[in-house]
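Reader: I would love a close look at one part of this model. Please take a single chain, walk me through its helices and strands, and then show me how it meets its partner.

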Amino acid sequence: MISELFGWLFARLPFGDGLRGLVSPRTVRSLKRGLNRNALAKVGIVVVVIVLLVAVFAPLVAPDKPGTQNLEEARLPPLGFTKATVQEVPVQENGSVVFEDGEILTENRTVYENATIAHPLGTDGNGRDILSRLIYGARVSLLVGFLGTALAMFVGVSVGLVAGYYRGKVDDVLMRSADVMLAFPSIVLAIALIGVLGDSLEQSIPDPFVQSGLSEAVRSAIGLPTGMPETTTLPGTIIVVVALVNWVWFARVARGEALSLREQSYVKAARALGASDAKILARHVLPNAITPILVLGTIQIAAIILLESALSFLGFSSANVSWGFDIALGRQYQSTAWWIAAMPGLAIVITVVGLNLVGDWLRDALDPGIEGEGGV
Amino acid sequence: MSRESPGERDVTPNAGRDSTRERDASPRAHRDTGHERDRLRVENLTTRFFTEEGQVNAVESVSFDVREDEILGIVGESGSGKSVTALSAIDLIESPGRVTDGEVWLREPDLAEEFRERTPDAVDGDFVDLRRLPKGVRRSLRGPKFSMIFQDPMSSFNPSLTVGEQIAEAVEVQRRASANPRSTRSRTQGYGLGKLIVDTLVPGREYTSDASRERAIELLEQVGIPDPVERADEYPHQFSGGMLQRAMVAQALAGEPDVLFADEPTTALDVTIQAQILDLLRDIQRDRGMSVVLITHDLGVIARMCDRVGVMYAGEVVERGSLADVFEQPTHPYTQGLLGSIPDVEDPAPRLQPIEGNVPNLVDSEMPDRCYFADRCPKAMEACLERPAERPVDGDPDHTARCVLADGEYDPATALPDDYFEEDPEATDAPAEGGAADD
Amino acid sequence: MTDDALVEVEDLEKYYFENDTLFDRLLGREPSAVRAVDGVSFDVQRGETLGLVGESGCGKSTTSETLLALREATGGSVRFDGDDVFEMTSRERTQFRQDAQIVFQDPFSSLDPRMTVGEIVTEGLRIHGLADSAERTARAKELLERVGLSARQVDRYPHEFSGGQRQRIGIARALALDPEFIVLDEPVSALDVSVQAQVLNLLEDLQDDFGLTYLFVAHDLSVVRHISDRVAVMYLGKVVETGPVDEIFEDPQHPYTQALLDSVPRASVEEYGRRGGTLEGDVPSPRNPPSGCRFHTRCPHAREACKRELPPDYDVGANHDAACFRTDDTHEYWQSAPLEHVDDGGGSSGGGVADDD
């Protein structure tokens, strides 16, 4: 069923003239075939779709506001778990404390705190609902993942295609500078770039569901807390930084493709017909290079989400709700309330694995070498 | 070539096209009637590929024989099944392909003696049927009995080993085999599991003896490689295409094979280098009295090299006979068309006579139940709507054609109209009318 | 010789430089030249087919692509209809791109897999803005019919066609702009013989119908003989012999041409048992071509003079030139000593002989 849905979707996506070949019936067929062969890919797609939907409709599905503190309910365990703490309490007899040797007599008693249905994944150190924070954190992670990848793809593919198509000095200069970028560990490079950019690019974008009153109406109708945040943080700095750190991968792939495509006879034929370089790049080179670039893109989204989490964990993000940031918050409760750090960690793992499964599926299904025409 | 009375082995027309084609009732009625000089007899060999697109009938009931001290040519266009035929004969077909039917009789008196009691089915006089022999025995025959050289020498050598090492390795295998004369089955045991493990664990281990190395150099010299001592230590990429093809011939000769299959051995080479390799092949064949099966698409190469010829089309041998039979009295219209469509370097005809249309793909579901060539044949008649059997041409058992014209006349009265096969306008290969039709 | 030349190629050179990256220069490495085309001159008369023949690596395809300015020449000139192709203004260049076309060898890489056949065939019209979308479709259908395909196939993608059909599509693309001159770069060598004959017949018909001029690049001598009016034979970046097709094939003057013709196997019974390997050794590398006559390392008639001096083109008949001293009865070649061939490998082989310590 999912494969049919995707076939339908792929056949209708407005890819535009240049990319139309990508959705040729043959491509759709091989995508479907890949999906049938690869059950994990289906899991990946389901995961990614769920995470995407949850992030988009956060104000409708989050059980609570991500920022509401309630110290009385701090560190509640997730559903299915009971938190047992051993406390020293005064021994009471008939309503009064007992003294022994001039001291209040105490005893060790185990106190049980039960999970509540209101906080299915428990609460953090400040009593905030973890599930709600994960849902809002997904917005940040996916925004950074998708926009960062898109930006990296744009920069990297432009540079790579030009370098590969023109070769020579242009290639030398562009690709050597790319090599320099690769020489630094990405996290170090990212921190340095954040230092340069500061938070000049941070933006708040209004949340359409809240602004229009839709989510508030729905929430009050079904009895959920209202007053969801009216804006979402768009961590512009982080997006630019992860793109600047990761464009190199796209540049290398695009360059390799351009190098081989420029030698294809149809590119030569287009030159013989008088086509300009820009036209050739847009019409012959890019469309034929797009498959590996898209495959790399899916995998890069996952890598960038990981990078964003790392930066948030280290405190370099201005977003106040983020998976990485929440892991950092949970670190001090590691021994007493493991779920505060574990839940966002799990969210990262599930999303990244899901994206990689999708990436593997695309790679296998779109790779013409594997596709095989079955001839003899 | 056919040793039995005409028609005896003919496949019943309209037999089901399933993978296990029905054979005639007395499959080995021809026992001991073979040509006395036969070294290899291939009978009704059938190979299928089971791909996602469906079953591909790559080789369709192919029969031929190879005699002592001769070069048999198999000629056909790409996709005609000529390479798969050779691979099927020496049991090198890999999944998704499978030899589904047929017999490959090799004259090997010692083996015949050994198996006569155990598996009488697999023995016929001095001949053994390779397909009925145990797998290990079959494999042990590769090298000392059969060898093969391929079209692309570059991809046939391991780039990370020197050419000398690779040839010495082939020699080593044969040397060990002959050092243990007890039985052919033990031939591969000299290179057993233990040795394999040791060689795998110790990288770069020299596991060829000096004797094998010397033999390798000797072989390189025999195939005309200058400075063989130095060249033996070079890597494949340091060889030119022609030199590497010579080296491949040397490797194939390591086991002193009786039958050498050469699959398009000169197609990747320039014409002057091709001439050198062809001369080399002929010299070696003559010197050693080898039988060679030369597979090529080039009728010129066939004419220069081959004593007898089989023409393949769509997985079938459509015509076979002596060189003169096939080139001077071609009977099958496909053979005629093939000969008519090549330009002659000495006598430029004003206009070529191409065969119209395209080579069919061999997907089982698309193979019609008629002569496979009828849709392109200028002499297609109503009789061609049945599958033709292999018949002798004018009663000559050494010249056969899979065509009704072999023993019949073209009858214009029953000729099929030109557009008879165009009932499917959506077929991809529609423009069968070709270039000449429009003026 | 220059009655009505459409294309005049003079001393065309195309060198490739290796070790020429920024990095190599930083390390002070000298770029090394690969002399793919090394001073080639010929002309193509209006309405004729010139066959350019040679073995792989002789520079015939590079020549054809360089003369269309698809590769940048490193020397020499090409005149098309009197105008220097390498010095054209952009307007002249635009016109040249319409008048001169090319058909490639590989029917699989020559068509963009993501474009429909209709788009491929009319790409030139679109680039030059010569027709609107409806006109282009009509023209595409007309062209497909003309090359023996069906107008119904206009919306199909290249992978749905066989090799021969794809080559027809490539030919239709070259025809779309009504060119005068088409370079046919091994147009049939990837095709099966039966299909090859169809395409050759088509090319001949088109030449008659549209008055085309062909440069037919090939390694297959029988095809060249069939289709050409004149032939130029290349060896290692140089043209060694030019002449009318019958003279080249019946009375070849250059030893290389003779050897080449000798090696071709004929498809006839008389061919049986003939030995064709008159040439020994391999073609030397164009990285380090032999001195003097390029062919002297393999030539059965080579003498000392061939090693020292590059033979000029000698006139050996009407429109028939050969670059060999043997055609000049008075040349000092006849006095010089024959080369000792076996030890004179002019390439990778040779080297340390007899130094056994």
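Author: Two residues are in contact if their C-beta atoms, placed from the backbone, lie within 7 Å. Let's take chain B with that in mind: among its contacts with a separation of 6 or more, 68% join residues 24 or more positions apart. Please keep in mind that this is a predicted model, in which local features need pLDDT of at least 70 and side-chain atom pairs count only at pLDDT 80 or more, while totals for chains, interfaces and linings use all residues. Residues are numbered from 1 along each chain as its sequence is written, with chains lettered from A and ligands numbered from 1 in the order in which they are written.

Chain B holds 13 helices and 13 strands (DSSP runs numbered from the N terminus, with H or I of at least four residues for helices and E of at least two for strands). Of its 439 residues, 50% count as buried. The term means 20 or more other C-beta atoms within 10 Å of the residue's own, with exposed for 12 or fewer and partly exposed in between.

A good place to see burial is helix H1 of chain B, residues 82-89. Seven of its eight residues are buried, so H1(B) is largely enclosed by the rest of the structure. The buried ones are B:Lys82, B:Ser83, B:Val84, B:Thr85, B:Ala86, B:Ser88 and B:Ala89. After H1(B) comes B:Asp91, with a positive phi near 60°.

Now move along the chain to B:Glu316, a residue of strand E11 (residues 316-322) of chain B. B:Glu316 has 26 other C-beta atoms within 10 Å and is therefore buried. What does B:Glu316 touch, leaving aside its neighbours within four places in sequence? Its contacts are B:Glu60, B:Ser61, B:Val62, B:Tyr372 and B:Arg402. You can also find B:Asn57 in this region: although B:Asn57 and B:Glu316 are 259 residues apart along the chain, 9.7 Å separate their C-alpha atoms.

For an exposed residue, look at B:Asp394 in the loop between strand E12 (391-393) and strand E13 (396-401) of chain B. Just 10 other C-beta atoms lie within 10 Å of B:Asp394, so this residue is exposed. Its phi is near 50°, a positive value in a residue other than glycine.

Next, the partner. Where chain B and chain C touch, 52 residues come from chain B and 45 residues from chain C. On the side of chain C that touches chain B, at least two residues each are supplied by helix H7 (163-175), helix H8 (193-210), helix H9 (221-227) and helix H11 (255-263) of chain C. H8(C) gives the most to this side, with nine residues. Sorted by class, this side of chain C has 18 nonpolar, 17 polar and ten charged residues (nonpolar covers Ala, Val, Leu, Ile, Met, Phe, Trp, Tyr, Cys and Pro, charged covers Asp, Glu, Lys and Arg, and the others, Gly among them, are polar).

H8(C) deserves a second glance, as it packs with helix H13 (residues 333-341) of chain B at an angle of about 50°, with the axes 8 Å apart. Here axes are lines fitted to C-alpha atoms, for helices over the stretch in contact, with angles from 0 to 180 degrees between N-to-C directions. H13(B) and H8(C) are therefore oblique to each other (under 35 degrees would be roughly parallel, over 145 roughly antiparallel and 65 to 115 roughly perpendicular, with the rest oblique). Which residues meet between H13(B) and H8(C)? B:Gly337, B:Leu338 and B:Ser341 in H13(B) meet C:Val193, C:Ser194 and C:Ala197 in H8(C). The residues of this helix contact comprise three nonpolar, three polar and no charged.

While you have chain C in view, glance at C:Asp11 in strand E1 (residues 5-18) of chain C. C:Asp11 is not a glycine, yet has a positive phi of about 50°. It counts as partly exposed because 13 C-beta neighbours lie inside 10 Å.

Chain C also touches chain A, in a contact with 25 residues from chain C and 20 residues from chain A. There, helix H3 (90-99), strand E6 (100-103) and helix H5 (123-127) of chain C are the elements that give two or more residues to chain C's side. That side divides into ten nonpolar, eight polar and seven charged residues.
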